[in-house]
Amino acid sequence: MKGSFPVEKFKDIQTPFYYYDTDLLRNTLSAAENAANKYGYHIHYAVKANANPRILSIIREKGFGADCVSGGEIQAALDAGFPTSKIVFAGVGKADWEINLGLEKDIFCFNVESIAELEVINELAQKKGKIASVAFRINPEVNANTHHHITTGLKENKFGINLDQLNKIIDLLSTLTSVKLIGLHFHIGSQLTDLEPFQVLCTRATEIQDQLVKKKIFLEHINFGGGLGIDYTHPNKNSIPNFEDYFKIFNTHFKVLPGQQVHFEPGRSLVGQCGSLISRVLYVKEGTIKKFVVLDAGFTELIRPAFYEAYHKIENLDSEALPETYDIVGPICESSDCFAKQFDLNKARRGDLIALRSAGAYGEIMACQYNCRKLPQSYFSDTL
Ligand code: LLP
């Protein structure tokens, strides 16, 4: 089955462009909210997945907070009206101006990734006469069993404070006067379809928390990051991820202390399925051993297949003819500009509209201008 696209309305729009189904976005947000509310969990949307202003404003209307990884993302969240008290700032390389922006805006929390960073935040906060709230991002050494480019919770990854440095940073903390430790932060990786690693994370987080309690350190919040995967193969059947099962794992396996808040930072699971990249067939090219469909979209608009060998379902919105097997490629002058190899697509002709599905997360935001291409426009189901 193909998705339900207003194909007639697409006819006059210059391709390639991003199309967002705002009903699906709202339904997904509600599903996440309802599942999280069962346990009183808080959601900060990971802005990195999609910072389109309209998408951000719909998410902000829902009352979610924002998880940012740069000064630019903090600014995008502020522009979309997220309250500063619901903005967290993570990232392994925060520049001074970015830390200063967070301090000036009195954001909720800096997720600190190293001893060196904690010292700089303390120094910059002191200069401003402020106390910065910080959480330690701990590298929990949990294998997320996902693509190696999007695994983050292993010793070999650059992210987080390693467990063997925890005591050292806690000792340092007691000597710093302009930072206050309010939480712990974890993020083990992205696009996890097997929930077991989250269970391991809960056990690890409980152990770490127990150690800290022994040192008389009580943390107001624990942040389990993002990572819940989506079904790229069946975007229609599984258009909304199973948030119920996801949050239940944490409720079952993580021991919340009285008065403690539990936070999450989902990105992909909230916005992934509501977006598609819409493109047109420029040429059907008969090679000697293969047939190619050459699209007017390339990795400049959707880099995931080239970068991570990611699968995106591809649909011909203008053809019901019997499928033929094609390599589906873009116009960029690089062999890696290929969306799918040996893919069965309804027989294609020049001008056919093609949808690359499940592109709402890490699609538009990762677009670039290589080959002097224009950044793609975006359109929304409720305003088209
Ligand atoms: N929190 C932190 C600290 C993160 O690093 C990330 C994602 C998230 C939350 C949100 O994770 P999500 O719920 O979206 O899995 N560009 C890649 C994905 C990179 C993810 C980076 N960190 C892709 O296209 O698959």
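The following dialogue examines selected features of a predicted model.

Trainee: What makes T22, L25, R26 and L29 in α2 count as meeting residues of α3?

Mentor: Contact requires heavy atoms within 4.5 Å. Those four residues of α2 meet R54, I55, I58, I59 and E61 in α3, so the pairing satisfies that cut-off. By class, the contact of α2 with α3 has five nonpolar, one polar and three charged residues.

Trainee: How do the axes of α2 and α3 cross, and is the crossing left-handed or right-handed?

Mentor: The axes of α2 (residues 22-37) and α3 (residues 53-61) come within 10 Å and cross at roughly 35 degrees. The crossing is right-handed, a term used because the near helix is turned clockwise from the far one.

Trainee: Why is the approach of E265 to the ligand called a polar contact?

Mentor: A polar contact is a pair of N or O atoms within 3.5 Å. An N or O atom in the side chain of E265 is 2.7 Å from a nitrogen atom of the ligand, and therefore the pair qualifies.

Trainee: Which atoms of R268 and R304 lie close to ligand oxygen atoms?

Mentor: For R268, a backbone N or O atom lies 2.8 Å from an oxygen atom of the ligand. For R304, a polar side-chain atom lies 2.6 Å from an oxygen atom of the ligand. The protein buries 92% of the 590 Å² that the ligand exposes when taken alone.

Trainee: What makes P16 and K216 worth noting?

Mentor: Most residues other than glycine have a negative phi, and most peptide bonds are trans. The peptide bond from T15 to P16 is cis, with omega near -5 degrees; P16 lies in the loop between α1 and β1. Phi of K216 is positive, near 65 degrees, and K216 is found in the loop between α8 and β9.

How values were computed: Residues are numbered from 1 along each chain as its sequence is written. This is a predicted model: local features need pLDDT of at least 70, side-chain atom pairs count only at pLDDT 80 or more; totals for chains, interfaces and linings use all residues. Side-chain values use heavy atoms; hydrogens and water are left out. Axes are lines fitted to C-alpha atoms, for helices over the stretch in contact, and angles run from 0 to 180 degrees between N-to-C directions. Helices (H or I, at least four residues) and strands (E, at least two) are DSSP runs, numbered from the N terminus. Ala, Val, Leu, Ile, Met, Phe, Trp, Tyr, Cys and Pro count as nonpolar, Asp, Glu, Lys and Arg as charged, and the others, Gly among them, as polar. A polar contact is a pair of N or O atoms within 3.5 Å; within protein, one must be able to donate a hydrogen and the other to accept it, and residues adjacent in sequence count only if both atoms are side-chain atoms. Accessible areas come from the Shrake-Rupley method with a 1.4 Å probe; for residues, only the protein chains shown count as cover.
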